[in-house]
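Please open the structure in your viewer and keep the selection tool at hand, since each stop on this tour asks you to pick out a few residues and look at what is there.

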Amino acid sequence: MPALAAIAFDADDTLWHNERFFRLTQDRLAGLLADFAPRDELDERLLAAERRNLGHYGFGIKGFMLSMIETALDVTRDRVPARVIREIVAAGREMLSHPIELMPHALEAVERIASSHPVLLITKGDLIDQERKLAQSGLGDLFAGVEIVSAKTAPVYAGIFARRGIAPGAALMAGNSLRSDVLPVLEIGGWGVHVPHDLTWAIEHDAPPEGNARFCSLPDLGALPDLVARIEGAG
């Protein structure tokens, strides 16, 4: 029997670029509010708003846009010009229509692995936006299943694998976030592969696991098919 019954991928900043558009929009917000708050303070307030609002809005562009509006109201003491609110809404709309750009080696990695293993996409965020990005990516037909969830926790992963008849120990998850893509899967006994991205949202930061034999960090997705082959060989 194969050691791995399924290989799962994160989407944003694992298969395609995402965080860069948030950073560019944050730069735009800083320019709009430069007369009201210095950049460091604005960034801190925006991050605090995002943390507060995750439970209400979830992950994704729409929640980010609402957090930007809240931050603009806070730093201006409710005196934010209407044109700034309009600019924030326009920036969010642009983010929701931005073309998809695949990460290096993403297409080749998914194609190679899909030729030998079922591959899953497990991502969180806004349903409509994630479906749009998947459709534009050209990768959709390669996945045996797609899961768009509100959060990535150990119970969520366990439920996904259970519904598909996959033992947690036979699942591998690859992604750029230690907190969302790696640590929860290791917690349920699976394989967690960290593929770091230069731009990772502060909320997704976490410490790498120490001494876990099922944890691996790769420089890019191009190395993933060979890792899968090594695990199968060892298994």
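The tour goes through aromatic rings and then cavities, in a model that is predicted.

**Aromatic pairs**

A pair of aromatic rings is described by the distance of the centres and the angle of the planes. In this model the count comes to 3 aromatic pairs, and two of them are visited here.

Begin by selecting Phe 22 and Phe 64, whose ring centres lie 4.9 Å apart with the planes at 55 degrees, so that this pair is tilted. Colouring the helices helps at this point, because Phe 22 belongs to helix α1 (residues 19–32) while Phe 64 belongs to helix α3 (residues 61–75), and the pair thereby links distant parts of the chain, 42 residues apart. Are these two residues buried or exposed? Both Phe 22 and Phe 64 are buried.

Next, select Tyr 157 and Phe 161, where the ring centres are 6.3 Å apart and the planes stand at 25 degrees, so this pair is stacked. These two residues sit in helix α7 (residues 154–163), and being 4 residues apart there, Tyr 157 and Phe 161 are separated by about one helical turn. Tyr 157 is buried, with a relative accessible area of 1%, and Phe 161 also counts as buried, at 1% relative accessibility.

**A lysine over a ring**

Now select Phe 59 together with Lys 124: the lysine lies over the face of Phe 59, at 3.8 Å from the ring centre.

**Cavities**

Rolling a probe the size of a water molecule over the atoms shows where empty space is left. The structure holds 2 cavities of 30 Å³ or more, and the largest has a volume of about 70 Å³.

To find the largest cavity, select the residues that line it, namely His 17, Asn 18, Phe 21, Phe 22, Ile 61, Met 95, His 98, Pro 99, Ile 100, Arg 132 and Lys 133; Phe 22, from the tilted pair, is among them. Helix α1 and helix α6 (127–137) each supply at least two residues of this lining, which divides into 6 nonpolar, 3 polar and 2 charged residues.

For the last stop, select Ala 11, Trp 16, Leu 121, Thr 123, Gln 130, Leu 134, Val 146 and Ile 148, which line the second largest cavity, a space with a volume of about 30 Å³. Which elements give two or more residues to this lining? They are strand β2 (119–124), helix α6 and strand β3 (145–149). The lining residues of the second largest cavity divide into 6 nonpolar, 2 polar and no charged.

Definitions and conventions
Residues are numbered from 1 along each chain as its sequence is written. This is a predicted model: local features need pLDDT of at least 70, side-chain atom pairs count only at pLDDT 80 or more; totals for chains, interfaces and linings use all residues. Side-chain values use heavy atoms; hydrogens and water are left out. Rings of Phe, Tyr and Trp (its six-membered ring) pair if their centres lie within 6.5 Å; planes under 30 degrees apart count as stacked, over 60 as edge-to-face and the rest as tilted. Buried means under 20% relative accessible area, exposed over 50%, partly exposed in between (1.4 Å probe, protein chains only). A charge sits over a ring if NZ of Lys or CZ of Arg is within 6 Å of the ring centre and within 35 degrees of the ring normal. On a 1 Å grid over the protein atoms alone, a cavity is a set of points where a 1.4 Å probe fits but cannot get out, and a pocket is an open set with protein on both sides within 12 Å along at least five of seven lines; lining residues have an atom within 4 Å of a point. Grid points are joined across faces, edges and corners, and a volume is the space filled by probe spheres set on the points. Ala, Val, Leu, Ile, Met, Phe, Trp, Tyr, Cys and Pro count as nonpolar, Asp, Glu, Lys and Arg as charged, and the others, Gly among them, as polar.
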